[in-house]
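Trainee: I am new to this structure and would love a close look at a single part. Could you pick one helix, walk me through its surroundings, and then show me how that part fits into the whole?

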Protein chains: 2
Amino acid sequence: MTTETTPSRGDATREALIRAAVEIFGRDGFNATGTRALAEAAGVNQALIAYHFGSKAGLYLAAIDYIVERVRERIDPLLAAINAELGDDGSSIPRERCLALMLQLLDGFVVLLTSDESVTWARLILKEQQDPSEGFERLYDGVMSRVIGIATHLIGRIRDLDPESEATNLLAITLFGQVLILRTARATIERRTGWQQFTQHEIAAVQSQIHRNVTAILMQENTE
Amino acid sequence: MTTETTPSRGDATREALIRAAVEIFGRDGFNATGTRALAEAAGVNQALIAYHFGSKAGLYLAAIDYIVERVRERIDPLLAAINAELGDDGSSIPRERCLALMLQLLDGFVVLLTSDESVTWARLILKEQQDPSEGFERLYDGVMSRVIGIATHLIGRIRDLDPESEATNLLAITLFGQVLILRTARATIERRTGWQQFTQHEIAAVQSQIHRNVTAILMQENTE
DNA sequence: GTCTATAAAGTGATAGAC
DNA sequence: GTCTATCACTTTATAGAC
């Protein structure tokens, strides 16, 4: 009657395949991943991939959409809170408060990037950054543009810059670079710090370092 | 007579295969890359991969070694110059000079990471960071450990920290994160800045931003 | 919606001629 | 050192039974 139906057997199959796809596509890449490996990991028959998603490529895009949804579940509340405080044109907010919001945003990203699930997501997203496919559009529109958009907005207020300018975007990018390195240089960080996984201690250490760096960068006197 | 011989036909085949391997393994990953694609890109016969390198895996490791050599050609002079100035225990060097050396090191990395060749290298290295194979050992020992080793040494002098400590390594990692994001978030940066490639203007913009950030981070008053 | 079976094309490695 | 031809598998997608 409506689009809201009770979960059917097919829905369970779709879900199992998508979870397996995020894991296996992320690890091996699209071309190196076989439909048999996907089906086996999901515990379903190989022919069901074509039935439910049309093709291996269809399953891949479903996996990308799944990642976007999971990431947005985590960051949308944070982004909404910042947006609400910034308001339509609440340029009366002091820069110290904007810095605090920026640090909150980065803290959220540290937590996200140190979560176990993010290992798999990061692998897939990194592949799309190096060789964008149709999936990158969905990642960019769903996650990246929203996050950097807020960050440039905050930075614009803090340092009295045009949020759309090349310089502001570049500054935002270098700030996030400090956090994203947690996943991009994964193996090297394990070697240098001995960290095998991120517990409360490691997360706090990273957040504290990021706080010091970002405060120093954004609160320094104007130069040049 | 000696190991120094004139280049033979086989040497040209080896070189062509390695160049093709860096390109194609980097783009598609090890498992998704076919020996026929490698041979065709190199303009040689498919059977010559097994003849010269034993297997597809042998060619892959030769490609990793090739990248390590090319990167070291570029960074070893810089590292040697810094090491020479630091000396055996020249703790008399002022921290301002150490900051200048740190900025030189990061400038060199900006130039390296904005070069056309580095697009391909970065793809392969990123894959090894996410899923380390035997190749990662060679990358880490040949490049990463040397670079971060120097950086933690410099940071130790500038901020009076133990170069081996977790905190110093974490600080060094966040500094390099600002630069490495140039390649890791490749597609997003193109979207936000409109930069299609890195010319003199883009390189200067990045270096200038990194200078401001790193100076602010390393020269701030001690906190906490 | 799920299964088995299979068609058509692709895989890495190798044998053997030159 | 390079070639062709081929072996033994694996691949995606689909046809058709249930």
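Mentor: Happy to! Let's take helix α9 of chain B, residues 186–193, whose buried residues are B:Ala187, B:Thr188, B:Ile189, B:Arg192 and B:Thr193. Please keep in mind that this is a predicted model. The buried residues of α9(B) pack against α8 (166–184) of chain B, and also against three helices of chain A: α6 (116–130), α7 (134–159) and α8 (166–184). Just past the end of α9(B) comes B:Gly194, with a positive phi of about 80 degrees.

Since that helix has taken us to chain A, let's look at how the two chains meet. Chain A gives 52 residues to the contact, and chain B gives 52 residues as well. About 4,800 Å² of area is buried between them, with 57% of it coming from carbon and sulfur atoms. On the chain A side, the residues that lose the most area to chain B are A:Gln130, A:Arg191 and A:Arg192, which together make up 16% of what that side buries. The copies meet through the same surface, because 100% of the interface residues of chain A are interface residues in chain B too.

The symmetry fits into this picture. A turn of 180 degrees, with a shift of 0.0 Å along the axis, lays chain A on chain B with an RMSD of 0.1 Å. The two copies are therefore related as by a two-fold rotation axis. Within chain A, the residue that comes closest to this axis is A:Ala32, whose C-alpha is 2.1 Å away.

Now let's move on to the DNA. Strand D is surrounded by 18 residues, and the closest are A:Arg36, B:Thr13, B:Asn45, B:Tyr51 and B:His52. Two of these reach phosphate oxygens of strand D with their side chains: an N or O atom of B:His52 is 2.7 Å from one, and a polar atom of B:Asn45 lies 3.1 Å from one. A:Thr33 uses its backbone instead, with an N or O atom 3.0 Å from a phosphate oxygen of strand D. The elements that give two or more residues to the surface near strand D are α1 (9–28) and α3 (47–53) of chain B, along with α2 (35–42) and α3 (47–53) of chain A. Of these, α3(B) gives the most, with four residues. By type, the residues of this surface divide into nine polar, five nonpolar and four charged. On the DNA side, 57% of the strand D atoms within 4 Å of the protein belong to sugar or phosphate, and the rest belong to bases.

Methods. Residues are numbered from 1 along each chain as its sequence is written. Chains are lettered from A and ligands numbered from 1 in the order in which they are written. This is a predicted model: local features need pLDDT of at least 70, side-chain atom pairs count only at pLDDT 80 or more; totals for chains, interfaces and linings use all residues. Side-chain values use heavy atoms; hydrogens and water are left out. Buried means under 20% relative accessible area, exposed over 50%, partly exposed in between (1.4 Å probe, protein chains only). Contact means heavy atoms within 4.5 Å. A residue is near a molecule or strand if one of its heavy atoms lies within 4 Å of it. A polar contact is a pair of N or O atoms within 3.5 Å; within protein, one must be able to donate a hydrogen and the other to accept it, and residues adjacent in sequence count only if both atoms are side-chain atoms. Ala, Val, Leu, Ile, Met, Phe, Trp, Tyr, Cys and Pro count as nonpolar, Asp, Glu, Lys and Arg as charged, and the others, Gly among them, as polar. Copies are superposed by least squares on the C-alpha atoms of residues with pLDDT of at least 70 in both. Buried area is the accessible area (1.4 Å probe) that two parts lose on being put together, summed over both.
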